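Subject: Structure for your files, with notes

Dear colleague,

Here is the structure I said I would pass on. My notes come after it.

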Amino acid sequence: MSDATLTLVGDDFIDLVAATYPAAATLIGIHDHDAELGSYTEQSMAEFASQLRALKAKVESVEQTSLSAAGAIDKRFMLHQMDSALLEAEGTQWWRKNPDHAIEVALTGLFFLMTREFAPAAQRARSMEARLRRLPSFLEEARRTLADSPRVLTETAAQSAEAGAEFLGGVLPMWARELGNDGGLVRETAVAGAEELRRHAAWLRDEYMPRSTGQTGVGEELLASVIATNHL
């Protein structure tokens with residue numbers, strides 16, 4: 001293999017991460033998934049980890065002698081990034097344990113579309129509307145997936161959901177009104193989304209809070225892996 005082949009595998013890795021984490025993709029300037037929120041269930045994350053391990057095997061098979069000095073650095077960096085993504089998918093599992101994960105994904109995905117002027121506002125509004133329409137099923141999926149959450153994270157998530165409802169019910173419609181006809185559907189779906197977040201906050205407090213008995217720490221072994229992998 002050569003530097004060029006390593007680059008192709010790197011492109012596949014970026015594509016996989018962007019498809020799995022659409023809100024983060026919007027942030028870094030990849031806009032193929034701007035209308036999506038992603039899926040964070042046992043099955044979807046297991047599929048992500050499986051595909052990631054296949055890509056990692058390709059990177060590991062690259063002979064150091066076939067790479068330039070820069071390529072050797074790229075290989076090491078890519079392996080660290082892949083291990084970091086695997087730790088999130090299979091180790092810390094914040095997508096399952098942290099009730100704020102789904103809320104943060106949804107809100108940041110909308111916020112980036114509003115504030116990042118990478119495309120005309122009308123185009124970004126269409127993506128925003130699509131994400132807002134996905135919000136009810138996205139939150140429902142999160143409710144089915146959540147487990148082993150510490151109480152403090154559930155309390156924080158309920159507060160985040162309430163604050164997010166204010167953002168969807170106030171700030172987004174205000175932004176959409178400035179778009180005229182192009183913002184009409186955003187206003188409607190944002191108000192509906194605010195109600196969904198309020199219902200989600202109530203579920204967190206009334207139904208999930210009593211079941212939030214998980215440990216607050218991840219354990220010494222996993223923490224050591226996170227420090228070594230994420231922070232080198």
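The notes below cover salt bridges, one helix pair and two single residues.

This is a predicted model, in which local features need pLDDT of at least 70 and side-chain atom pairs count only at pLDDT 80 or more, while totals for chains, interfaces and linings use all residues. Residues are numbered from 1 along each chain as its sequence is written, and side-chain values use heavy atoms, with hydrogens and water left out.

Salt bridges

A salt bridge here is a side-chain nitrogen of Lys or Arg within 4 Å of a carboxyl oxygen of Asp or Glu. By this rule there are 13 salt bridges. Helices, named below by number, are DSSP runs of H or I with at least four residues, numbered from the N terminus; strands are runs of E with at least two.

One of the salt bridges joins glutamate 42 to arginine 96, with an N to O distance of 3.7 Å. Glutamate 42 belongs to helix H3 (residues 42–60) and arginine 96 to helix H5 (residues 94–97), so this pair ties together parts that are 54 residues apart in sequence. For accessibility, buried means under 20% relative accessible area, exposed means over 50%, and partly exposed is in between (1.4 Å probe, protein chains only). Glutamate 42 is partly exposed at 48% relative accessibility, whereas arginine 96 is buried at 11%. Glu42 and Arg96 are also linked with Asp148 in a network of salt bridges.

Arginine 205 forms a salt bridge with glutamate 162, their closest N and O atoms being 3.2 Å apart. This pair links distant parts of the chain, with arginine 205 in helix H9 (residues 184–208), glutamate 162 in helix H8 (residues 151–177), and the two positions 43 residues apart. Arginine 205 is partly exposed at 37% relative accessibility, and glutamate 162 is partly exposed at 29%.

A salt bridge within one helix is formed by arginine 143 and glutamate 140 (3.0 Å, N to O). Both residues lie in helix H7 (residues 121–145), three residues apart, which is about one turn of the helix. Glutamate 140 is partly exposed, with a relative accessible area of 32%.

Helices H1 and H3

Helix H1 (residues 3–20) packs with H3 at an angle of about 165°, and their axes are 10 Å apart. Axes are lines fitted to C-alpha atoms, for helices over the stretch in contact, and angles run from 0 to 180 degrees between N-to-C directions. H1 and H3 are therefore roughly antiparallel, a term for angles over 145 degrees.

Contact means heavy atoms within 4.5 Å. From H1, the residues that meet H3 include Leu6, Phe13 and Leu16, and those they face in H3 include Phe48, Leu52 and Leu55. By class, the contact has nine nonpolar, two polar and two charged residues. Nonpolar covers Ala, Val, Leu, Ile, Met, Phe, Trp, Tyr, Cys and Pro; charged covers Asp, Glu, Lys and Arg; the others, Gly among them, are polar.

Two single residues

Histidine 200 is in helix H9 and is buried, with a relative accessible area of 0%. Leaving aside residues up to four places away in sequence, histidine 200 touches Ile103, Leu139 and Arg143. That arginine 143 is also the salt-bridge partner of glutamate 140.

Alanine 70 is in helix H4 (residues 69–92) and is partly exposed at 47%. The C-alpha atoms of alanine 70 and aspartate 32 are separated by 29 Å, with these positions 38 residues apart along the chain.

Regards

Technical notes. Parallel < 35°, antiparallel > 145°, perpendicular 65-115°, else oblique.
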